[in-house]
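This report walks through a structure for someone meeting it for the first time. Have the sequence and the 3D view at hand.

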Amino acid sequence: MSELGVSSISGTAIAIHGNDIDTDRVIPARYLKAITFSELGRYPFQDERFEPDGTAREHPFNRDECRGAKLLFVNENFGCGSSREHAPQCLRQWGIEAVVGVSFGEIFAGNCEMIGVPAVRARPEDMVRLQAAADADPSIEFTVDLDAMRITGGNETVELEMPENRRRSLREGHWDTTGILVGNAPTVREVYERLPYTSGYR
Amino acid sequence: MAKNTLYDKVWDAHVVTRLPTGQYQLFIGLHLTHEVTTPQAFDMLEERGLGVAYLDRTVATVDHIIPTDSMARPYADEQAEAMMAALETNAKRHNLNFFDFASGRQGIVHVIGPELGLVHPGMTVACGDSHTATHGAFGTLAFGIGTSQVRDVLASQCLSVDPLRVRRIEIGGALRPGVEPKDVTLHVIRRLGVKGGIGYAYEYAGSVIESMSMEGRMTVCNMAIEGGARVGYVNPDETTFDYLRGREYAPDESAWDGAVTHWKSMASDADAQYDDLVRMDGADIAPTVTWGITPGQSVGVGEPLPAVEEFEEADRPTVERAYAHMDLRPGQKMTEVPVDVVFIGSCTNSRLSDLRAAAEIAKKGTVAARVKAIVVPGSQQVKAQAEEEGLDDVFRAAGFEWRNAGCSMCLGMNPDKLVGRQISASTSNRNFIGRQGSAEGRTLLMSPPMAAAAAIEGRVTDVRELA
């Protein structure tokens with residue numbers, strides 16, 4: 001296992017409720033105009049957290065007692081829509097180290113993996129209970145265990161799921177894939193040379 | 001498990017190896033890049049001392065951040081200027097094939113790829129944009145990816161991916177008059193849901209798709225991701241080959257027959273097996289308009305808006321949120337809804353056939369008082385062709401603004417945005433809260449003729465009833 005391996009994450013949790021929360025809601029497009037990811041941790045759910053005049057609204061990401069949460073609890077199809085990696089990047093920089101939900105937009109889940117953030121699934125009824133527990137007491141410490149594929153915390157123990165290949169990639173620290181892919185350059189060249197379109201079909 | 005589908009054949013031809021994690025290394029035949037999702041990727045490449053592995057399989061253009069009214073540099077928005085400058089620097093440093101303004105071939109990345117003949121049946125395509133499935137119209141596997149994956153493709157021309165299941169969506173019969181490809185794709189999403197496609201590649205098929213133009217097929221595939229499917233495609237046929245012939249990067253005449261033979265061999269076999277099959281009837285599809293905050297929340301233009309109870313319990317909070325945000329009520333008809341802004345453009349609907357269809361409607365009247373209507377061609381070439389046909393004059397005479405090519409009001413990254421609570425009739429692909437640049441703004445998705453009709457009437461209108 002490399003030093004990048006992710007096997008368990010412990011911390012408090014923050015819950016965002018609702019199905020089909022898209023990445024435009026996670027990070028509005030105007031924040032994608034920066035040419036680095038460095039400031040993004042300030043802006044998760046910016047337009048839901050603040051009125052147009054800048055007044056703070058009631059929102060989990062504005063609650064002082066939620067500050068420092070490492071786990072994000074969501075519902076179905078979280079992170080659907082735009083492919084912007086800025087969505088998991090802004091959550092990660094805010095402090096989120098794992099996302100637990102019923103299901104995820106596919107590109108979002110892949111982007112999470114690419115930056116070493118597990119996106120793991122739980123059953124809908126379990127998710128509702130986990131969210132209720134985190135809402136009621138933001139100081140509860142939960143542990144996401146990628147070996148046992150379980151989350152525990154407070155009075156809850158809940159089974160988790162994720163694609164086995166993704167789990168292994170996170171566990172073994174292979175989520176940063178560039179080196180592995182570049183390492184196979186000779187085989188890549190063979191595939192390239194055998195594809196008819198790379199030589200103009202001649 | 002699917003067998004002998006186009007998906008399987010393209011996958012098999014592009015697998016490099018199985019990785020230690022169990023994922024597959026897949027060769028990417030065409031990498032389309034643009035200004036928004038590349039600056040961090042190029043920075044990461046440089047940190048690691050890597051370059052672009054396959055320049056001949058990589059192209060760049062600029063579309064998301066550019067103003068569409070004036071192209072004068074520097075841009076008023078300093079961030080947009082910095083982002084454009086970063087792409088120019090990276091293109092120069094890495095010697096990228098960059099379709100900038102001076103090339104005359106700039107435009108929305110999903111418009112210029114096909115238009116230049118870069119996208120061929122049987123390829124794999126990747127782009128740091130979720131609407132990359134557009135290129136599936138040519139019988140490709142086209143993946144929308146994030147910035148770290150852009151880094152991977154630049155460095156290795158490969159992605160690390162898991163295989164998908166394949167769902168064939170067969171749309172039989174024929175479309176009724178006034179029903180457009182946009183209506184077909186909105187109908188599919190409404191029927192199968194915005195998460196129904198998670199884990200699937202969608203194969204769009206049946207007589208409705210077979211008789212559709214390439215531009216129509218691009219509109220259908222473009223919105224696969226809005227139904228949860230990362231990949232959507234149509235099997236290549238004579239329509240595909242006719243479209244490609246003679247384009248700048250299409251095979252030349254001496255290689256043409258060999259290319260077509262290869263392309264035909266990549267199509268799904270008649271006895272291919274699928275993980276799932278869904279059948280729909282083209283005659284059931286009406287001009288469709290969204291009323292909510294996901295692309296699945298739509299109705300046929302004449303239908304009353306649905307009751308909250310019609311939805312599954314888990315989805316009802318989203319439905320309630322949609323009604324509250326949109327300020328609409330169950331039972332209401334969309335034709336009662338006035339619009340403030342009309343946007344005709346985006347990677348979904350900014351091609352010549354879209355502009356022609358909208359112009360036919362624009363000829364019937366003038367833009368209603370207090371409605372702002374803009375037409376944004378998808379590329380410099382689309383713009384030039386439209387002007388040659390006089391479409392710009394038709395639009396201007398009717399009171400529409402005629403702009404330069406870009407993503408414009410689809411996504412709130414450039415000066416074209418909604419303001420406050422404005423409500424727009426838009427030919428783009430997303431009605432998410434805040435999508436068009438105002439957190440309070442509202443978006444109604446529809447086809448180009450429907451959007452043009454809304455501009456003229458000042459409210460959502462059944463284009464079939466427009467005198």
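Helices (H or I, at least four residues) and strands (E, at least two) are DSSP runs, numbered from the N terminus. Contact means heavy atoms within 4.5 Å. Axes are lines fitted to C-alpha atoms, for helices over the stretch in contact, and angles run from 0 to 180 degrees between N-to-C directions.

The model is predicted: local features need pLDDT of at least 70, side-chain atom pairs count only at pLDDT 80 or more, and totals for chains, interfaces and linings use all residues. Residues are numbered from 1 along each chain as its sequence is written, chains are lettered from A and ligands numbered from 1 in the order in which they are written, and side-chain values use heavy atoms, leaving out hydrogens and water.

**Chain A**

Chain A holds eight helices and eight strands. Its C-alpha trace spans about 65 × 45 × 30 Å along the principal axes. Of its 202 residues, 60% are buried (under 20% relative accessible area, with a 1.4 Å probe and protein chains only; exposed is over 50%, partly exposed in between). Take the contacts in chain A with a separation of 6 or more: 69% of them join residues 24 or more positions apart.

Helix H6 of chain A covers residues 164-171. Six of its eight residues are buried, so the helix is largely enclosed by the rest of the structure. The buried ones are A:Asn165, A:Arg166, A:Arg167, A:Ser169, A:Leu170 and A:Arg171. Their cover includes helix H4 (106-114) of chain A and strand E1 (15-18) of chain B. A:Gly173 follows H6(A) and has a positive phi, near 75°.

**A four-stranded sheet in chain B**

Strands of a sheet pair through backbone hydrogen bonds, either parallel or antiparallel. In chain B, four strands form an open sheet in the order E11-E10-E9-E12, with parallel pairing (two strands pair if DSSP finds at least two bridges between them). Strand E11 (231-234) and strand E12 (276-281) of chain B stand at the edges with a single partner each, so one side of each has no neighbour in the sheet. On average, neighbouring strands of this sheet are turned by 20° against each other, direction ignored. Strand E9 (residues 165-172) of chain B runs parallel to E12(B), joined by six bridges. One bridge pairs B:Arg167 with B:Asp276 in E12(B).

Two helices lie across this sheet.

| Helix | Strands crossed | Angle |
|---|---|---|
| H6(B), residues 181-192 | E9, E10 (200-205) and E12 of chain B | about 125° to E12(B) |
| H8(B), residues 214-222 | E10 and E11 of chain B | about 155° to E11(B) |

**A five-stranded sheet and its helix**

Another open sheet in chain B has five strands in the order E17-E16-E15-E18-E19, and the pairing is parallel. Its edge strands are E17 (401-402) and E19 (442-445) of chain B, each paired on one side only. Strand E18 (residues 423-426) of chain B is joined to E19(B) by four bridges. Here B:Ser424 stands opposite B:Thr443, and B:Ala425 stands opposite B:Leu444.

In a regular strand the side chains alternate between the two faces of the sheet. In E19(B), B:Arg442 and B:Leu444 point one way, B:Thr443 and B:Leu445 the other, and all are buried.

Helix H15 (residues 448-457) of chain B has nine of its ten residues buried, so it is largely enclosed by the rest of the structure. Among them are B:Pro448, B:Met450 and B:Ile456. The buried residues of H15(B) pack against strand E15 (341-344), helix H12 (352-362), strand E16 (372-375) and E18 of chain B. B:Gly458 comes after H15(B), with a positive phi near 75°.

**A helix pair**

Helix H2 (residues 39-47) and helix H5 (residues 147-156) of chain B pack at about 50°, their axes 8 Å apart. That makes H2(B) oblique to H5(B) (under 35 degrees is roughly parallel, over 145 roughly antiparallel, 65 to 115 roughly perpendicular, and the rest oblique).

**A loop residue**

Where is B:Tyr249 placed? B:Tyr249 sits in the loop between helix H9 (238-244) and helix H10 (253-266) of chain B. B:Tyr249 is partly exposed, at 31% relative accessible area. Its C-alpha is 4.7 Å from that of B:Gly117, 132 residues away along the chain. Beyond its neighbours within four places in sequence, B:Tyr249 contacts residues including B:Asn97, B:Phe99 and B:His120.
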